[in-house]
Amino acid sequence: MALGLLAAATGARADMPPLLDAARPPHIPPEGRADYRRFLMQPTPRVFALAPDGAWGWAAAIDDDGAATEARALENCARWGGRGCRVYARDLSVVWPGLEASPPSAPGAPLRREPGWLLAADARFLWQGPERARGAYLWAHGRSPGGADSRGSQPQPHVRAFNNAGYDVIRFDRDPATDETEAGAAWMRQALAELRRRGYARVVAGGQSRGAWNALQALDTPGLADAVIAIAPAAHGPRGSPAQAWALDDLRRIVASARSTGTRVAVANFAGDEFDPDPDQRAAILGVLTGRSAGFLLLDRPAGIRGHGGGTDWRFTQRYAPCLLDFAEGRVRGC
């Protein structure tokens, strides 16, 4: 069901960008069009190549190098027997001769800038603006224990399901020099309120690690988000960190303070996550959100996906991205 809805989101909208139309690429057979839909869920840089004889191939995010990614896509097309392989789509644009189409540019300037944080329209995703978009997906990055700067990092691939369905993708970028947990939560509330003020029909707050933790903290303020998608939420460092001693108590406080009964909440926990002090207890604590939200979904240690970065695993994207969209919009209760 969810895969079918994703296909509809990428192939049946009246205002669909040409890039998302899987019926548009020439020459390729039905299985090639199905693979093109998988390509549309990939991070950038990404390239889809095809040949007049019906062969195709694609590649994505090869060392974050556009030229290397394109070379791999053409190589993959040729490896499947393609002769005369050429690029059909590159990142967000169709470049095939006679079918060229480029999307509107995302705003280059921050949508809002404040001391310590800003809202940035991510140009690696299709952009429509609040008047035309189905909603906004606010993505909050994690925070490295070493203080590495995560600003500008690409949102996880599951976000493509929302973007392909018409959501604008907006990054919540935070300065690591001042990004403390409570400050991040206050900024998150302001950021979500800003998207409401701009007139987005739906607002989704999503994030990974500390960004996910901040999204959960925002549940104490009703009306900010229609859905929260928290991927491996954490705010207390890896195993061995003294702060992990009170991580579960802090999570209980977040759940107890949740007041957003109109918000749907999805959380993903992964086996082998060194930032998770006790997976069973975390699952039990989070389960209380069932009675404090419009719907609660826990993806608890899905098979074959491990570690704090499990949300970037292609298996997570393939299994759960369409369902997370369906859940956020109230079409399904579980995945």
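A residue is termed buried here when its relative accessible area is under 20%, and exposed when that area is over 50%. In the predicted model described below, Ile-28 shows a relative accessibility of 4% and therefore counts as buried. This residue belongs to the loop that connects helix H1 (2-11) with helix H2 (30-39). Leaving aside residues up to four places away in sequence, Ile-28 touches Arg-33, Phe-48, Leu-50, Gly-54, Ala-55 and Trp-56. One of these partners, Trp-56, is separated from Ile-28 by 28 residues in sequence, while the distance between their C-alpha atoms is 7.0 Å.

Burial was also computed for the chain as a whole. Of its 335 residues, 56% are classed as buried. The chain exposes about 13,600 Å², of which 51% is supplied by carbon and sulfur atoms. The C-alpha trace extends over about 60 × 40 × 40 Å along its principal axes. A radius of gyration near 20 Å would be expected for a compact globule of 335 residues, and the value of 20 Å found for the chain therefore agrees with that expectation. Among contacts between residues at least 6 apart in sequence, 69% link residues at least 24 apart.

The secondary structure of the chain comprises nine helices and 12 strands. Eight strands form an open sheet with mixed pairing, in the order E5-E6-E8-E7-E9-E10-E11-E12. The edges of this sheet are occupied by strand E5 (112-114) and strand E12 (295-300); each has a single partner strand, so one side of each lacks a neighbour in the sheet. From one strand to the next, the twist averages 15°.

Strands of a sheet pair through backbone hydrogen bonds, in either a parallel or an antiparallel sense. For strand E10 (residues 227-231) and strand E11 (residues 264-269), the sense is parallel, and the pairing extends over five bridges. Val-228 stands opposite Val-265 of E11.

Two helices that lie across strands of the sheet were examined in turn. Helix H6 (residues 210-217) lies across strand E7 (135-140), strand E8 (167-174), strand E9 (203-208), E10 and E11. The direction of H6 makes an angle of about 140° with E9. Helix H9 (residues 314-328) lies across E8, E10, E11 and E12, and runs at about 170° to E12. Strands E8, E10 and E11 are thus listed for H6 and are listed for H9 as well. The edge strand E12 is among the strands crossed by H9.

Key: Residues numbered from 1 in each chain as written. Predicted model: local features only at pLDDT ≥ 70, side-chain atom pairs only at ≥ 80, totals over all residues. Heavy atoms only, no water. Pairing = 2+ DSSP bridges. Helix = DSSP H or I, 4+ residues; strand = E, 2+ residues; numbered from the N terminus. Axes fitted to C-alpha atoms, helices over the stretch in contact; angles between N-to-C directions. Contact = heavy atoms within 4.5 Å. Rg over C-alpha atoms; globule rule 2.2 N^0.38 Å. Buried < 20%, exposed > 50% of the residue type's maximum accessible area, 1.4 Å probe, protein only. Areas by Shrake-Rupley, 256 points an atom, 1.4 Å probe, with all protein chains shown as cover.
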